Amino acid sequence: MFRLMRRMVVPLLLSCLIAGCSSGKSKATTTNDTDDSTGDPPTALLKLGGAWAGRYYLLYNEEDDEPIPLTATIRQDGNSLYITTTKEGVGHSFTGTVNSEGHLRVTDALDGELWTTHFGPARSDFIRLADYLYSDQLYEDSPYQVIDLYR
């Protein structure tokens, strides 16, 4: 009887060890099921790629400053963003990232200034990028240059 059990149990244990005795998921496939930093399930990134309409304007500045209409194209590769607008000069070309909460950090290619979603996270149909106009004069009512994009 002992020999019979050993003949049945040993091959069964070996086959379990070889197969991994798991639920069918390998460690490689389960590591992406959670956000490594928090252990929470990952949040899907906003889909921001495509064509947008918008405007550039100064916030907290003279009332007679008229917004400059523009269009923009956003190319998205995962969390990386490449934004090109029809505005000339500052605000024409950006590269940066978006996180799972919709916060953007992009750098203007012309002057290296960092623009962010300072006033709130982006949505799939609206993005507000802002940059302090005069970084040496930061105070509560410092003027911002702003680009609103919508679709």
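## A tour from a salt bridge to the core

Select Asp125 to begin, a residue that counts as partly exposed at 34% relative accessibility. The model in the viewer is a predicted one, and each stop below names what to select next. From Asp125, extend the selection to Arg123, since the side chains of these two residues meet in a salt bridge, with N and O 3.1 Å apart. Arg123 also counts as partly exposed, and its relative accessibility is 47%.

**Second stop: Arg128, Asp148 and Arg55**

Now select Arg128 together with Asp148, which form a salt bridge whose closest N and O atoms are 2.6 Å apart. Arg128 belongs to strand β7 and Asp148 to strand β8, so this pair ties together parts that lie 20 residues apart in sequence. Arg128 is partly exposed, with a relative accessible area of 27%.

Keep Asp148 selected and add Arg55, because the salt bridge between Asp148 in strand β8 and Arg55 in strand β1 ties together parts that are 93 residues apart in sequence. In this salt bridge the closest N and O atoms are 3.3 Å apart. With Arg55, Arg128 and Asp148 displayed together, you have one network, joined by salt bridges that share partners.

Is Asp148 buried or exposed? Asp148 is buried, because its relative accessible area is 2% and the cut-off for a buried residue is under 20%. Arg55, by contrast, is partly exposed, with a relative accessible area of 32%. A search of the whole structure finds three salt bridges, so with this stop and the one before it you have visited Asp125 with Arg123, Arg128 with Asp148 and Asp148 with Arg55.

**Third stop: the loop at Gly120**

Move next to Gly120, which you will find in the loop between β6 (114-116) and β7. Gly120 is partly exposed, its relative accessible area being 24%. If you add His103 to the selection, the C-alpha atoms of Gly120 and His103 can be seen 7.4 Å apart in space, although the two residues are 17 apart in sequence.

**Fourth stop: the nonpolar core**

Which residues have the most contacts inside the largest nonpolar core? Select Leu48, Ile74, Leu104, Ile127 and Leu149, which hold that place in a core of 18 residues. Several strands can then be coloured, since at least two residues of this core are supplied by each of β1 (50-59), β2 (68-77), β3 (80-85), β4 (93-98), β5 (104-108), β7 (126-132) and β8 (144-150). The largest share, three residues, comes from β2. As a general background to such a view, nonpolar side chains tend to be buried together in soluble globular proteins.

Stay with Ile74 and show the residues around it: leaving aside those up to four places away in sequence, Ile74 touches Leu48, Gly49, Gly50, Trp52, Leu81, Tyr82, Ile83, Ile127 and Leu149.

**Last stop: the whole chain**

Finally, clear the selection and show the chain as a cartoon, where two helices and eight strands are to be found. Followed from the N terminus on, the elements run α-α-β-β-β-β-β-β-β-β. Of the 151 residues in the chain, 23% are buried. Among the contacts with a separation of 6 or more, 36% are made by residues 24 or more positions apart. If you switch to a surface view, the accessible surface of the chain comes to about 10,300 Å², and 54% of that area belongs to carbon and sulfur atoms.

Note on methods:
Residues are numbered from 1 along each chain as its sequence is written. This is a predicted model: local features need pLDDT of at least 70, side-chain atom pairs count only at pLDDT 80 or more; totals for chains, interfaces and linings use all residues. Side-chain values use heavy atoms; hydrogens and water are left out. A nonpolar core is a set of buried Ala, Val, Leu, Ile, Met, Phe, Trp, Tyr and Cys residues joined through side-chain atoms within 4.5 Å. Buried means under 20% relative accessible area, exposed over 50%, partly exposed in between (1.4 Å probe, protein chains only). Helices (H or I, at least four residues) and strands (E, at least two) are DSSP runs, numbered from the N terminus. Contact means heavy atoms within 4.5 Å. A salt bridge is a side-chain nitrogen of Lys or Arg within 4 Å of a carboxyl oxygen of Asp or Glu. Accessible areas come from the Shrake-Rupley method with a 1.4 Å probe; for residues, only the protein chains shown count as cover.
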